[in-house]
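Here's a quick tour of one model, taking in its inner space, its charged pairs and a couple of well-packed spots. Have the viewer open while you read.

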Amino acid sequence: MLKKIEQIKNDFYKALETACGTQADLSKLKADFIGKKGAVADILKNMKEASAENIREIGQHVNRLKSEIEAVIDSKIREAETALINEKLKKERIDISLRDSLTDRGLCDAGYHPVTLIQREVEDVFTSMGFEILDGPHIEDDYHNFVALNIPEHHPARDMQDTFWFSDLQHLLRTHTSPIQVRGMETHRPPFKFVGPGKVFRNEATDASHEMVFHQIEGMMVDRNVTVSHLIYFMKTLLSEIFGRTVEVRLRPGFFPFVEPGFELDIKCLICGGKGCPVCKQQGWVELLPCGMVHPNVLKCSGIDTEKYNGFAFGLGLDRLVMMRYGIDDIRHLHGGDLRFIRQFKAY
């Protein structure tokens, strides 16, 4: 038994020499040797074959080997993480001398756009809850924007989107950020959690709460035995983190082809306190978060077994969230390009 332990140790260091050094490769190596189904676990299963006087000695050798392998792997993973960070810093190096020059001439008097500020906060909240941040193209095809989301050709829900089509009638400016979810499901296997922020485009009239170009952040979680309770928990956590307090919400039925059942999650208008204003259309509530349980057809389009997995999805109106956070009474301010408006957020 002791010879077998020594052999496992030798095999580990040989495998370590040929490993690629990536975090994934190192994690797999760790699982192969000290995971639940690893080589060391096999030793522990076979300890009953050892004599009573040898069990203690074998156990000590096994524990030392596990600690040694774990320490070596963790050290290598930290080295890999540091290398990735250093490489990223090299690529993202900024020449601050240009900024100093512009500041001297009074050309850097603005700040971050409020949508950028809130988007970063939202991303931080979701990252802290284990979600991955994804991205996708502005120009989409019919499949990713509609078909894969359970909206086939001639489906009446297409008329709700007011789509900007290109001349080939196969490509369009994405009408929602849901295609990011479709592309995410094509590259991920469950369980997974991710969100995708971005601009979307719809051919509709503008008013205090509607624009042709606006921002959304959509996300989904797919795992075994996901329920509506999980959805409500994550959404309430997000809103309480963004507003710094518990906000009053209501959940009512809503129809969206890609979820079943579907809901509209509204928040009490923070502009008027629920009394009624142009932002909330005099209703006292703002439609902020369409959501629901992912329709099985959507999961099947991405090859996900609906007998094993289910999930929830949501689409957050990022511009309206910004308006509620900062008390902005007209969405058109966010897209007007007026630096006097942007300068108000320089302190944030």
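## Inside the model

The largest cavity holds about 40 Å³ of space. Keep in mind that this is a predicted model. With the bar set at 30 Å³ or more, the count comes to 1 cavity.

Which residues line the largest cavity? They're Leu149, Gln181, Met185, Met220, Phe258, Val294, Val298 and Ala313. Sorted by class, that lining has 7 nonpolar residues, 1 polar residue and no charged ones.

Two of those lining residues, Gln181 and Met185, are also among the buried residues of helix H8, so let's go there next.

**Helix H8**

Helix H8 runs over residues 178-187, and 7 of its 10 residues are buried, so the helix is largely enclosed by the rest of the structure. The buried ones are Ser178, Pro179, Ile180, Gln181, Val182, Gly184 and Met185. What do these buried residues pack against? On the strand side, there's E2 (139-141), E4 (192-201), E5 (213-223) and E9 (310-317). On the helix side, there's H7 (142-145) and H10 (296-301).

Ile304 gives another view of this region, as Met185 is one of the residues that Ile304 touches. Ile304 sits in the loop between H10 and E9. Is Ile304 buried or exposed? At 4% relative accessibility, Ile304 counts as buried. Leaving out residues up to four places away in sequence, Ile304 also touches Arg189, Pro190, Phe192, Leu299 and Tyr309. Along the chain, Ile304 and His188 are 116 residues apart, yet their C-alpha atoms are separated by 9.9 Å.

**Salt bridges**

How many salt bridges does a search of the whole structure find? The answer is 12. Here are some of them, with the N to O distance for each pair:

| Pair | Closest N to O distance |
|---|---|
| Lys30 and Glu70 | 4.0 Å |
| Glu248 and Lys268 | 3.2 Å |
| Arg250 and Asp266 | 3.0 Å |

Take the Lys30 and Glu70 salt bridge, with its closest N and O atoms 4.0 Å apart. This pair links distant parts of the chain, with Lys30 in helix H2 (residues 23-34) and Glu70 in helix H4 (residues 52-91), 40 residues apart. Lys30 has 22% relative accessibility and counts as partly exposed. Glu70 is partly exposed too, with a relative accessible area of 37%.

Next up is Glu248 with Lys268, where the closest N and O atoms are 3.2 Å apart. Glu248 lies in the loop between helix H9 (228-243) and strand E6 (249-253), while Lys268 belongs to strand E7 (residues 259-268), so the pair ties together parts that are 20 residues apart in sequence. Glu248 is partly exposed at 45% relative accessibility, and Lys268 is partly exposed with a relative accessible area of 28%.

Then there's Arg250, whose side chain meets that of Asp266 in a salt bridge at 3.0 Å, N to O. Arg250 is in strand E6 and Asp266 in strand E7, 16 residues apart, and the pair links distant parts of the chain. Arg250 counts as partly exposed at 33% relative accessibility, whereas Asp266 counts as buried at 1%. Which residues join Arg250 and Asp266 in one network? Salt bridges with shared partners bring in Arg252 and Glu287.

Terms used. Residues are numbered from 1 along each chain as its sequence is written. This is a predicted model: local features need pLDDT of at least 70, side-chain atom pairs count only at pLDDT 80 or more; totals for chains, interfaces and linings use all residues. Side-chain values use heavy atoms; hydrogens and water are left out. On a 1 Å grid over the protein atoms alone, a cavity is a set of points where a 1.4 Å probe fits but cannot get out, and a pocket is an open set with protein on both sides within 12 Å along at least five of seven lines; lining residues have an atom within 4 Å of a point. Grid points are joined across faces, edges and corners, and a volume is the space filled by probe spheres set on the points. Ala, Val, Leu, Ile, Met, Phe, Trp, Tyr, Cys and Pro count as nonpolar, Asp, Glu, Lys and Arg as charged, and the others, Gly among them, as polar. Helices (H or I, at least four residues) and strands (E, at least two) are DSSP runs, numbered from the N terminus. Buried means under 20% relative accessible area, exposed over 50%, partly exposed in between (1.4 Å probe, protein chains only). Contact means heavy atoms within 4.5 Å.
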